[in-house]
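Could you walk me through this structure, stop by stop, while I have it open in my viewer? I would like to know what to select next and what is there.

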Amino acid sequence: PVQPLRLSEMDAAIASAERDAATAEATAKDARTQLREWTAGERQVISSLKRIGEVLNSATFAAANAAFVDRHKALFEFSDENKLEYTAVHEQYVEAMEKVIVDNTPDISMEELVANLPSFISGLSTDQDPEQTGRTIDFLMSLTDFSVFKSMMLAARAESEGKFKVATQSMDGSKGAALAAGMLAESRINDKARLALAPLAAALADTGLEWRVVSDRMAKEGFRTESKSYGGDSYFRLFLNVALSPAEAIECLFDLTRADTVELMDFITKVDTLRQEERAGVKEWVVRAHFSLPAVVRTLRLAPSSTVWWCSVEPGVPEPGATTCALVTWDPDADEPAQSPSSMLRITVVRPSADGGAQMDIVEKIPSFMPTWMIGVLAETTFIKQLKTSTVKYKMKLEGRK
C-alpha cells in the first residue's frame, strides 16, 4: 500500500515544486528576452547610448566631472536652503558635461535621443537593462535634476572633509533565512502587515534559488546589490555599511515621524503622520510621504508622487542585538495593505558592526510597474548619494546637540 506523506515531506515537496516553478518562469523569461529583436529605431537608440556610455566611462569624462565637483563643492552647505548660486552652478555643470559628451560623439543628436528615451524605456525594453545601457539612461535623464546634483556635491564635500567614512566590512548574506524566520515566527507586528510581508520572507528563506550579484562595491564604497526572481515576482537586496551606530541609523533613515525628516532626506518633500503607536516594544506608524522622484521615474511616470506607508521598528528580531524595520504600502481607509502596481514591501535588518557602525540588510519586492534593471541603477546612482547626504546632515545635527 502507498504510505501517506508525512507533513514535513509534504512541506518539502511543496517547497521543491515552488522552486521548480520559479526556475521555469525565470528560464522562460530569459528565453523571451533572448528571442526579442530590436527594431531599427531601437537599435539606433541603443547604439547611441552605448557610445555615450563609453564617453561616460572614459578618463576624459571622469577628469572633467571630478574637476568641476572639486572646484564647486565647497559652495554647497548641508541645509535645506537652495541658494541662487546653486542653480547657476548646476546649469554650468549641465553645460560642461554635455559639452564633453557632444565633443566626443559629434554625429549623435542629443535632443533627438533624449526625446526618444521615454518611449524606448517604456516599451519592450523594460524587462531588462537594454543592452546594459541603464546607467547611461539614468545619467542623461538625471543630468538636469537639481536634487541629484546637490546630493552629489554634498557627498563629495563630506568625503573630502572626512565627514563620511565608508565602512567596507563584509556582510553575511546567509542570515536571510534567519531574518525570514524571525519575521514570521517571532515578530510582534500586526497580523495584516505580517501576512503582506510573507511572500518577501519566503523569497528570503528559500535557499534553492541563489541571489544574483548586480554590483559589488563593498570594498570601496561599502555596498553590494543583488536580485532574485521567486514565484513570478522580482526582489532586490542591498547590503550596506553605514558610519552611524544602529540606533542612529534607525533614527536617521527609518523614523519618518521625526520633525526633521524632510530636512534629512532630500527625496522626501513632506510627511503627514496619520497614526503612531507603540505596543509590546514595537513602534508602528502610518504616514503619507510626498516625494521628489528621480528624473527617470518622473519622466516615465512610473510612480505616484505620494504614497501611504505602514512602518515598524522592532528590536531583538531576528536575533538579540538586531533590529528589524519593515515597510508596507498601506490603504489608510481600509487599514490594510494596499494592492496596486506601485505597492512596496521592504524588510531591513540593522545590526551592529565591529567598528561601531551599522550593517543593513535591505530586501524589497520590486513593484510591478518598475523595470527590474532600473532598481539597481537607481540604488547606485541616486539612493546611495542621498543616503550619504542624509548621514552627514544627521551627524552634524548630533554634533550640534552636544
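Here is a tour in a few stops, from a strand to ring pairs and then to charged pairs. Keep in mind along the way that this is a predicted model.

**Stop 1: strand β10**

Start by selecting residues 358-365, which make up strand β10. Eight of the eight residues here are buried, so the strand is largely enclosed by the rest of the structure. In a regular strand, side chains alternate between the two faces of the sheet. Colour A358, M360, I362 and E364 for one side of β10, then Q359, D361, V363 and K365 for the other. Both faces are covered, and these residues are all buried.

Now add the strands that pair with β10. Select residues 233-242 for β3, which runs antiparallel to β10 and is joined to it by eight bridges. To find your place in this pairing, look at L240, whose bridge partner in β10 is M360. Next select residues 345-352 for β9, which is also antiparallel to β10 and has eight bridges to it. Here V349 stands opposite D361 of β10.

Before leaving, follow the chain through the hairpin of β9 and β10, where five residues sit between the strands. Pick out G356 in this hairpin, which takes a positive phi near 90°.

**Stop 2: aromatic rings**

Which residues do ring pairs link into a cluster? Select F68, F76, Y86, Y93 and F149 and show their side chains, since ring pairs connect these five into one group. The structure as a whole holds five aromatic pairs. Zoom in on F76 and Y86, a stacked pair with 4.4 Å from centre to centre and 20° between the planes. The two belong to distant parts of the chain, ten residues apart: F76 is in the loop between α3 (59-72) and α4 (84-104), while Y86 is in helix α4. Both F76 and Y86 are buried.

For another ring, select W211 together with R237. R237 lies over the face of W211, at 5.4 Å from the ring centre.

**Stop 3: salt bridges**

Side chains of opposite charge can pair when their charged atoms come close. The count of salt bridges comes to 19, and a few of them make good viewing.

Go first to E77 and K83, whose closest N and O atoms are 3.2 Å apart. Are these two residues buried or partly exposed? E77 counts as partly exposed because its relative accessibility is 34%, and K83 is partly exposed at 22%.

Then select E226 and R224, a salt bridge with the closest N and O atoms 3.1 Å apart. E226 is buried, with a relative accessible area of 8%, and R224 is buried too, at 13%.

Move on to D335 and R275, whose side chains meet in a salt bridge at 3.1 Å, N to O. D335 lies in the loop between β7 (323-331) and β8 (336-337) and R275 in strand β4 (residues 268-279), so the pair ties together parts that are 60 residues apart in sequence. D335 is partly exposed at 29% relative accessibility, and R275 is partly exposed at 30%.

For the last view, select E251, R258, D260, E263 and K397. Salt bridges with shared partners join these residues into one network.

Note on methods:
Residues numbered from 1 in each chain as written. Predicted model: local features only at pLDDT ≥ 70, side-chain atom pairs only at ≥ 80, totals over all residues. Heavy atoms only, no water. Buried < 20%, exposed > 50% of the residue type's maximum accessible area, 1.4 Å probe, protein only. Helix = DSSP H or I, 4+ residues; strand = E, 2+ residues; numbered from the N terminus. Pairing = 2+ DSSP bridges. Phe/Tyr/Trp six-rings, centres within 6.5 Å; stacked < 30°, edge-to-face > 60°. Lys NZ or Arg CZ within 6 Å of the ring centre and 35° of its normal. Salt bridge = Lys/Arg side-chain N within 4 Å of Asp/Glu carboxyl O.
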